[in-house]
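Take a walk through this protein fold with me. We will go from one residue to sheets, then to charged pairs and cysteines.

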Amino acid sequence: MNIGEIAKLAGVSSAAVSRYFNNGYISEEKKEIIRKVVEETGYRPSVQAQTLRTKKTKLVGVILPKIDSAAIGSVVAGIHTVLNVSGYQLLLADTQNNPDKELEYLSTFNDKQVDGVIFIATIFTAKHRRALKSMSVPVVIVGQKLSGYHCVYHDDYHAIYEMTKLLAEKGCRRLGYIGVLHQDKAAGQERYEGYCRAVTDRGLEECRENVVISDFTIRSGYEKAETLLKKYGPLDGIVCATDAIAIGTMRYLKDQNIEIPGQMLITGHGDSSLSRVTTPTLTTVHYSYEKSGELATGMLLDILAGKEVAVKEMKLGFSIVENESSRKR
């Protein structure tokens, strides 16, 4: 079948059917008639023909660091929600936290394989900046702020600041922090600086030194908790850059018979599903990850439709989810 035959069955013009498949304007009445005919016949337009005619692939490339992350999964769910109703399809590129792979996928998508890219970013090296600058398709960045580019990111600095302040207000005077590499500006540098500012503002400047760096894993959280306590202990509160790190820390403390929250208060970051099933439940930071995916996708679609010209940087808020790990008995 072709568009002409679909139009004949629906009793509309071929132009109306074309607008239907390309998300152009068409009355709701005609749209419903065409939809029924398409459903009954099982017709699908030729992607190759559409690409040749419109110069668009109707594909959006998404570059992400690790699909098995709950936070990343939520961002992708938000992207999917918007693309599902826009006529675009999704191409996922999982880099497994390999910066070189990010560069490879940027290059691949730049060869007009997609109409636009959503980049769930971690670090920006000089090579990344050059690659982004050379892109011939629009890019929207999620999770990091990069001046000169459309981006949607969270307030990592103030989230950790408020979390550290919470523990200080509960009486903690010997705080420690388990962070991640500063090359990751959001999760690394911004969260670290929020911790340092908070302890300084509460008159606990000496706690600025009580810092170790971890990977984004439960295992590393366990190992770095041991390092932190052996190097800077005894402590009465530990702020962690992620939920996974916090859960690893809690396991280590339990193995050392250190009571949570009786002897030590613990906080995480990310409001993962695991934070609600630990014993005790984990105090954490909630971000609207799915919403960030939806907003970034809407931003990209506006660019593709010619609606968005000025660079837009969108910072999203957070909320503290206080659970048992920071509630002193």
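A residue counts as buried when its relative accessible area is under 20%. Keep that cut-off in mind, and remember that this is a predicted model. Try it on Tyr88. Its relative accessibility is 11%, so Tyr88 counts as buried. Tyr88 lies in the loop between α5 (70-84) and β2 (89-94). Gly116 is 28 residues away from Tyr88 in sequence, and their C-alpha atoms are 10 Å apart in space.

Now move to strand β5 (150-154). How many of its residues are buried? Five of the five are, so β5 is largely enclosed by the rest of the structure. In a regular strand, side chains alternate between the two faces of the sheet. In β5, both faces are covered. His150, Val152 and His154 are buried on one side, and Cys151 and Tyr153 are buried on the other.

β5 has strand partners too. Strand β4 (residues 139-142) pairs with β5 in the parallel sense, over three bridges. There, Ile141 stands opposite Cys151. Strand β11 (residues 313-316) also pairs with β5 in the parallel sense, over four bridges. Here Leu316 is the bridge partner of His154.

Step just past β5. Asp155 sits in the loop between β5 and α8 (156-169). Asp155 is buried, yet it has no salt bridge. Which side chain of opposite charge is nearest? Lys315 is, at 4.2 Å. A salt bridge needs a nitrogen within 4 Å of a carboxyl oxygen, so Lys315 at 4.2 Å does not qualify. Leaving aside residues up to four places away in sequence, Asp155 touches Tyr287, Lys315, Leu316 and Phe318.

Next comes an open sheet of four strands. Their order is β7-β6-β8-β9, and the pairing is parallel. At the edges are β7 (211-213) and β9 (265-267), each paired on one side only. Neighbouring strands of this sheet are turned by 15° against each other on average, direction ignored. Look at strand β8 (residues 237-240), which is joined to β9 by three bridges. Ile238 stands opposite Ile266 in β9. Two helices meet these strands. α8 lies across β6 (175-179), β8 and β9, and runs at about 170° to β8. Helix α10 (residues 218-232) packs on the sheet and touches β6, β7 and β8. The direction of α10 makes about 150° with that of β7.

Now for charge. Side chains of opposite charge can pair when their charged atoms come close. The whole structure has 12 salt bridges. One of them joins Arg191 and Asp156, with the closest N and O atoms 2.8 Å apart. This pair links distant parts of the chain: Arg191 is in helix α9 (residues 185-201), Asp156 is in helix α8, and they are 35 residues apart. Both are buried.

Another salt bridge joins Glu39 and Arg35, at 3.0 Å from N to O. These two are four residues apart in helix α3 (residues 28-41), so about one helical turn separates them. Glu39 is exposed, at 59% relative accessibility. Arg35 is partly exposed, at 31%.

Finally, the cysteines. How many disulfides does the structure hold? Zero. Take Cys240. The closest cysteine sulfur, in Cys172, is 12 Å from the sulfur of Cys240, so it is too far for a bond. Cys240 is buried, with a relative accessible area of 0%. Cys151 is buried as well, with a relative accessible area of 0%.

How values were computed: Residues numbered from 1 in each chain as written. Predicted model: local features only at pLDDT ≥ 70, side-chain atom pairs only at ≥ 80, totals over all residues. Heavy atoms only, no water. Disulfide = S-S within 2.5 Å. Buried < 20%, exposed > 50% of the residue type's maximum accessible area, 1.4 Å probe, protein only. Lys, Arg positive; Asp, Glu negative; His and termini not counted. Contact = heavy atoms within 4.5 Å. Pairing = 2+ DSSP bridges. Axes fitted to C-alpha atoms, helices over the stretch in contact; angles between N-to-C directions.
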